[in-house]
Amino acid sequence: MVYNAVAVAGGYVYAAGYYDYDYLYVEKRTADLALVANATYLEDGWHSAEAYGIAVDPSTGHIWVVGYYDDGNYERPLILILDPDLRLIRKVEPSDMRGFFANVCFIDNYAFVSGSRNVFKLDKSGNLVGKAVGGGQLACANNKLFVFWYAELMDGYRLGYTVFDTNFRELKTVALAKNDYEAAFYAPGRPDTDGQRVYAVAVVEGPRVAFAWVYAVPADVSIAEQILLPAARITSLLKLAIIIGIAALFVVGLILSKIKKRKQGAEVAQSAS
């Protein structure tokens, strides 16, 4: 199986992803990572399914798993609401939508789910209450919604984020870095918060280079600062890792060469005697 998301609640660890390429997979483990329960989901009419996000509703204890299913023609967004033993309570599979759901988080008695095109507000039973146009990576912080997005421009890509209140009133939009290379906040992946800042990772891919930027933006919308861990630092680490790897291969090759020469010398000495 492949794990895409993890959540911790009530002394248990919940992980989700996919199994055997086709099955959506969820498991529950103790804090010591002993397996308690696991489950796979693949409904009739689905060619495959995968989980991108998982979270536990603090008001009900239910596990919300979000991702997509493939109906043979398109990928379509999916929500599974499970009980603490991973039994299915409700399935939300809007057949009129394409794409996926990436993240889920909770404020008061509502769940907020981000998709590839929209952000949705649902009640604790999974009924749609409202939505905002524009999808992306989602985090709930200080009773607000932080949506990290990217836009394709004529001459590059623009990263940014928008902050909403729980009724989708826009409080703040910030345009972050513009890039000549393709840049995005990808799914699977989830922003997180420590209450003071919200952290998100953007991936930038060029013809010969791929690197990541880590953004830390203020959870207080009145603060304008933003912190960026530059890509140069990460690419420097990658370069160092490559240099170390090449050096290690050279040393191993040198050792093997010496062993081979010693072996050949021993064989020559043995034949001579």
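What share of the contacts in the protein chain with a separation of 6 or more comes from residues 24 or more positions apart? The answer is 38%. Keep in mind that this is a predicted model.

**The chain overall**

Strands dominate the element list here: the protein chain has 21 of them and one helix. Of its 273 residues, 40% are buried. The accessible surface adds up to about 15,000 Å², and carbon and sulfur atoms hold 54% of that.

**An open sheet and its edges**

Let's start with a four-stranded piece. Strands β13, β14, β15 and β16 line up in that order as an open sheet, with antiparallel pairing. β13 and β16 sit at the edges, each pairing on one side only. On average, neighbouring strands in this sheet are turned by 20° against each other, direction ignored. As for the β13 end, five bridges tie β13 to its antiparallel partner β14, and Cys140 stands opposite Leu145 of β14.

Here is how three antiparallel strand pairs look side by side.

| Strand pair | Bridges | A facing pair of residues |
|---|---|---|
| β3 and β4 | six bridges | Arg29 and Leu35 |
| β13 and β14 | five bridges | Cys140 and Leu145 |
| β19 and β20 | nine bridges | Tyr199 and Ala216 |

**Two nonpolar cores**

The largest nonpolar core counts 21 residues, and the ones with the most contacts inside it are Phe146, Phe148, Leu159, Tyr161, Phe185 and Val198. Two or more residues each come from β13 (137–141), β14 (144–153), β15 (156–164), β16 (170–179), β19 (197–205) and β20 (210–218). So all four strands of the open sheet contribute to this core, along with β19 and β20. Apart from this core there is another, with 20 residues, including Ala5, Ile54, Val56 and Leu80.

Back in the largest core, Phe185 is a good residue to click on. Leaving out residues up to four places away in sequence, Phe185 touches Gln137, Phe148, Trp149, Tyr150, Leu159, Gly160, Leu176, Ala200, Val201, Ala202 and Tyr215.

β20 is another contributor worth a look. Seven of its nine residues are buried, so β20 is largely enclosed by the rest of the structure. Its antiparallel partner β19 is joined to it over nine bridges, with Tyr199 standing opposite Ala216.

**Gln137, a polar residue on the inside**

One of the residues that Phe185 touches is Gln137, which belongs to strand β13. Is Gln137 buried or exposed? Its relative accessibility is 3%, and the limit for buried is under 20%, so Gln137 counts as buried. What does its side chain reach for? One polar contact goes to the side chain of Asn103, at 3.3 Å. The Gln137 side chain also reaches the backbone oxygen of Gly189, at 3.2 Å.

**The β3–β4 hairpin**

Now for the other end of the accessibility scale. Strands β3 (residues 23–30) and β4 (residues 35–41) are antiparallel and share six bridges, and Arg29 has Leu35 as its bridge partner. Four residues lie between the two strands of this hairpin, and Leu33 in the turn has a positive phi of about 70°.

Asp32 is in the loop between β3 and β4. With a relative accessible area of 72%, Asp32 is exposed, because the cut-off for that class is over 50%. What separates its C-alpha atom from that of Gly11? The distance is 9.7 Å, for two residues that are 21 apart along the chain.

Note on methods: Residues numbered from 1 in each chain as written. Predicted model: local features only at pLDDT ≥ 70, side-chain atom pairs only at ≥ 80, totals over all residues. Heavy atoms only, no water. Core = buried A, V, L, I, M, F, W, Y, C linked by side-chain atoms within 4.5 Å. Buried < 20%, exposed > 50% of the residue type's maximum accessible area, 1.4 Å probe, protein only. Contact = heavy atoms within 4.5 Å. Polar contact = N/O pair within 3.5 Å; in protein donor to acceptor, adjacent residues only side chain to side chain. Pairing = 2+ DSSP bridges. Areas by Shrake-Rupley, 256 points an atom, 1.4 Å probe, with all protein chains shown as cover. Axes fitted to C-alpha atoms, helices over the stretch in contact; angles between N-to-C directions.
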